[in-house]
Amino acid sequence: MTDLGLRRRSLLTLPAVGLAGAALTQAGPLAAPARAGAPAILKPLPPAQFTDFGTNAEMRWDAVDPRRYLTPQARLFVRNHTRTPQLDAADHRLRIFGDGLHRPHGIELGLRDLQRRFRHVALTSVHECTGNGRSLFASQQEQQVSGTAWRLGAVGTVVWHGVRLRDVLAAAGLRPDAVSLQAAGVDDDYVDKGENLGPVRRPFPVAKALDDAVLAWGADGRPLLPDHGFPLRLVLPGWIGIASIKWLGSLEVSRGELTSPWSTRWYNIDGPLSTNPVRSAWELPWGAELRGARRIELTGRSWSGAAPVARVDVSTDGGASWTRARLRPGPQHRGRRGHGWTRWSHTWERPASGEHTLLARATDLHGRTQPDVAAYNPNGYLFDAVVRHPVAVS
Ligand SMILES: Nc1nc2c(c(=O)[nH]1)N[C@H]1C(S)=C(S)[C@@H](COP(=O)(O)O)O[C@H]1N2
Ligand SMILES: [Mo]
């Protein structure tokens, strides 16, 4: 996409943001008193497209349209620690402050300030929860872990619209000796077993902020949906989902290392987690029942937080023999503007009737691949093992 195209797209987004903001303002005063009973997720979650866990919902892989590369917001998984707040774009402020700025009291920016003052970018990234695949620790490795029992649908590939965080930090007066930033949401405080831990927030290094971090007000050419962070979220491309704080209200910039329970207590294995691993999924229901035929066309996708996928090996006989899947050319190698997942296909010749196990193993351009067994950890993060996907042919 050309820069001109990006700017045009972003300009088109402006009135839409205004409209969505107005609609939410209207709903606000009415919705507020009823909040206790309000659902945690506001967008529709049709059972054909989502598995609903209450405050979280995952995309169903059998509902993914093989012809569509990007995940539209309406189809994207949702992970909320509390519930989706209903915010007014016109009132929303982002506060940037801290001793990592030349003037520590910092600056405050509205959405319009961000949209008017900084160059617009569109960036494609794999958006994925750290715990994606968590249920497979139990079902495939017989290991008990705690947390939402995602299968493989806590992931999508999204094109985000916004501005580079580095441009905004330059305007805020970033000191050269700043090391750490902390992003905080304005959703309700998170209470864990009676302990109020404050707003959902997580630190990240200045290096990531200056590299490819985006302050996003849109996705797939539209304003963010409330569930995905309206009116503004942080996006740290390729990093675990919690790094991309929704409903972004403040960024603290510090000359010392910042921490939060989301970097020490959770999302931590011998240190705060950052880049997502390599994973693969078949575009099939779990336990799919396939009609026997001379050949069956199978499709799937693979992705990595670090780099585009370079190759995918598949097996239709439980791992006894492997062959290369055909990678579909697509926008995944866009490079400079981020990367998404890679679509692939495989023709299954003369499948015998009966039960089979499908496997897919991807390798990314950095040589990272998927192990046979994922490393156990009590919270079930980073399940990256080759998944044993059961199917039956009739
Ligand atoms: N403010 C805030 N940001 C948040 C969260 C949250 O609960 N509150 N959840 C995080 C987690 S764990 C994930 S996986 C992603 C999910 O983003 P999505 O719901 O837009 O898919 O948002 C992250 N950002
Ligand atoms: Mo997450």
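Select L284 to start the tour: this residue sits in the loop between β16 (278-282) and β17 (288-290). Keep in mind along the way that you are looking at a predicted model.

**Stop 1: around L284**

Is L284 buried or exposed? With a relative accessibility of 12%, L284 counts as buried, because the cut-off for that word is anything under 20%. Now show its surroundings. Setting aside residues within four places in sequence, you will find L284 in contact with W61, D62, L290, L298, L358, H389 and V391. Pick out L298 from that group: 14 residues separate L284 and L298 along the chain, and their C-alpha atoms are 8.4 Å apart.

**Stop 2: zoom out**

Next, show the whole protein as a cartoon. You should be able to trace six helices and 25 strands. The chain has 394 residues, and 55% of them count as buried. Colour the surface by element if your viewer allows it: the accessible surface is about 16,900 Å², with 52% belonging to carbon and sulfur atoms. What share of the contacts with a separation of 6 or more comes from residues 24 or more positions apart? The share is 75%.

**Stop 3: the ligand**

Now select ligand 1 and display the residues around it. There are 20 of them, and the closest are F77, D187, H228, R233 and K246. Try following some polar contacts one at a time:

- From an oxygen atom of ligand 1, go 2.7 Å to a polar backbone atom of F77.
- Another line to draw runs 2.8 Å, from an oxygen atom of ligand 1 to a polar backbone atom of H81.
- For a side-chain partner, look at D187: one of its side-chain N or O atoms is 2.7 Å from a nitrogen atom of ligand 1.

How much of the accessible area of ligand 1 does the protein cover? The protein covers 100% of the 540 Å² that ligand 1 has on its own.

**Stop 4: K246**

Stay with the ligand's surroundings and select K246, one of the residues closest to ligand 1. K246 belongs to the loop between β14 (233-235) and β15 (248-254). This lysine is buried but has no salt bridge. How far away is the nearest side chain of opposite charge? That side chain belongs to D227, at 6.7 Å.

Look at backbone oxygens instead. The side chain of K246 reaches the backbone oxygen of R79 at 3.1 Å, and a polar atom of the K246 side chain lies 2.9 Å from the backbone oxygen of D227. Beyond four places in sequence, the residues that K246 touches include V78, N80, G185, H228 and L232.

**Stop 5: salt bridges**

The protein has 15 salt bridges in total. Begin with D65 and R67, whose side chains meet with an N to O distance of 3.1 Å. D65 counts as partly exposed at 25% relative accessibility, while R67 is exposed at 71%.

Then move to D192 and K193, which form a salt bridge with their closest N and O atoms 3.7 Å apart. Here D192 is buried, with a relative accessible area of 14%, whereas K193 counts as exposed at 79%.

Finally, select E349 and R295, another salt-bridged pair, with closest N and O atoms 3.3 Å apart. This pair links distant parts of the chain: E349 is in strand β23 (residues 342-349) and R295 is in strand β18 (residues 295-304), 54 residues apart. E349 counts as partly exposed at 44% relative accessibility. Before leaving, select D192, K193, E195 and R265 together, as salt bridges with shared partners join them into one network.

**Stop 6: backbone details**

Most residues other than glycine have a negative phi, and most peptide bonds are trans. Here are some places to look for something else.

Select F230 and P231: a cis peptide bond joins them, with omega at about 5°. P231 is in the loop between β13 (222-223) and β14.

Go on to D220, in the loop between β12 (214-219) and β13. D220 is not a glycine, yet its phi is positive, at about 45°. D220 is partly exposed, with a relative accessible area of 23%.

End at Y267, in the loop between α6 (261-264) and β16. Its phi is near 55°, again a positive value in a residue other than glycine. Is Y267 buried or exposed? Y267 is buried, with a relative accessible area of 6%.

Conventions:
Residues are numbered from 1 along each chain as its sequence is written. Chains are lettered from A and ligands numbered from 1 in the order in which they are written. This is a predicted model: local features need pLDDT of at least 70, side-chain atom pairs count only at pLDDT 80 or more; totals for chains, interfaces and linings use all residues. Side-chain values use heavy atoms; hydrogens and water are left out. Helices (H or I, at least four residues) and strands (E, at least two) are DSSP runs, numbered from the N terminus. Buried means under 20% relative accessible area, exposed over 50%, partly exposed in between (1.4 Å probe, protein chains only). Lys and Arg count as positive and Asp and Glu as negative; His and the chain ends are not counted. A salt bridge is a side-chain nitrogen of Lys or Arg within 4 Å of a carboxyl oxygen of Asp or Glu. A polar contact is a pair of N or O atoms within 3.5 Å; within protein, one must be able to donate a hydrogen and the other to accept it, and residues adjacent in sequence count only if both atoms are side-chain atoms. Contact means heavy atoms within 4.5 Å. A residue is near a molecule or strand if one of its heavy atoms lies within 4 Å of it. Accessible areas come from the Shrake-Rupley method with a 1.4 Å probe; for residues, only the protein chains shown count as cover.
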